[in-house]
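Here is a walk through one protein model, written for someone who has not met it before. Have a look at the picture first, and then we can go through it piece by piece.

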Amino acid sequence: MCVQYIEAEIELDRGQALSPQVEQALQVHGEPLRWAIVEADKAGGPVRVEAVVVRA
C-alpha cells in the first residue's frame, strides 16, 4: 500500500453532483482519502484538484 499526493485536472458536468464526479475521476490514481478543488474556471473548463490517494 502506498499513500500519494496527486494533482489532477477534471472535466465536470456542472449539472450533476460534484463529489461523486471528483471521486470517480480520482479512482484512476487510487482510492481517494482527501481531496480539494484548488482552482476552477468560471467559464466551465476543467477544475484542478489536489488529493491524497492510496494505491494497493
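What follows covers the strands, the helix, the core and a small group of charged side chains. Keep in mind that this is a predicted model.

**The strands**

Let's start with how the strands line up. Strand 1 covers residues 2-10, and strand 3 covers residues 47-55. These two run antiparallel, and 9 bridges join them. If you want a place to put your finger, try C2, which stands opposite R55 in strand 3.

Strand 3 also has a partner in strand 2, which takes in residues 31-39. That pairing is antiparallel as well, with 7 bridges. Here E39 is a good landmark, as its bridge partner in strand 3 is R48. Hold on to R48, because that name comes back below in the salt bridges.

As for side chains, here is a handy rule: in a regular strand they alternate between the two faces of the sheet.

**The helix**

Helix 1 spans residues 18-26. Which of its residues are buried? They are Q21, V22 and L26. Looking down the axis of helix 1, you would find these buried residues within an arc of 130°, so they line one face of the helix. The other side of helix 1 has P20 and Q24, which are exposed. Some general background helps here: an α-helix has 3.6 residues a turn, so residues three or four places apart point the same way.

And what covers the buried residues of helix 1? The cover includes strand 1, strand 2 and strand 3.

Q21 deserves a closer look. Its relative accessible area is 15%, so it counts as buried. A polar atom of the Q21 side chain lies 3.0 Å from the backbone oxygen of A17. If you skip the neighbours within four places in sequence, Q21 is in contact with L12, D13 and Q16.

**The core**

Now for the inside. The largest nonpolar core has 10 residues, among them I6, L12, V22 and V53. Strand 1, helix 1 and strand 3 are the elements that give two or more residues to this core. Which of them gives the most? That is strand 3, with 4 residues.

A8 is another member of this core. Leaving out residues up to four places away in sequence, A8 touches L26, H29, V47, R48 and V49.

**The charged group**

Side chains of opposite charge can pair when their charged atoms come close. How many salt bridges does a search of the whole structure find? It finds 3. Here they are, with the distance between N and O atoms for each.

| Salt bridge | N to O distance |
|---|---|
| R48 and E7 | 3.7 Å |
| R48 and E39 | 3.5 Å |
| R48 and E50 | 3.6 Å |

Together, E7, E39, R48 and E50 are linked in a network of salt bridges. Take the pair R48 and E7, which form a salt bridge. R48 lies in strand 3 and E7 in strand 1, so this pair ties together parts that are 41 residues apart in sequence.

Are these residues buried or exposed? R48 is partly exposed, at 25% relative accessibility. E50 is also listed at 25% and counts as partly exposed. E39 is partly exposed at 48%, and E7 is partly exposed with a relative accessible area of 47%.

**A closer look at E7**

Let's finish with E7, which lies in strand 1. What does E7 touch, apart from its neighbours within four places in sequence? It is in contact with R48, V49 and E50. The E7 side chain also makes a polar contact with the side chain of Y5, at 3.4 Å.

There is a link to W35 to mention too. E7 and W35 are 28 residues apart in sequence, and their C-alpha atoms are 9.4 Å apart in space.

So, if you go back to the picture, try starting from R48. From there you can find its salt-bridge partners E7, E39 and E50.

Notes:
Residues numbered from 1 in each chain as written. Predicted model: local features only at pLDDT ≥ 70, side-chain atom pairs only at ≥ 80, totals over all residues. Heavy atoms only, no water. Salt bridge = Lys/Arg side-chain N within 4 Å of Asp/Glu carboxyl O. Buried < 20%, exposed > 50% of the residue type's maximum accessible area, 1.4 Å probe, protein only. Polar contact = N/O pair within 3.5 Å; in protein donor to acceptor, adjacent residues only side chain to side chain. Contact = heavy atoms within 4.5 Å. Pairing = 2+ DSSP bridges. Arc of directions from axis to C-beta. Core = buried A, V, L, I, M, F, W, Y, C linked by side-chain atoms within 4.5 Å.
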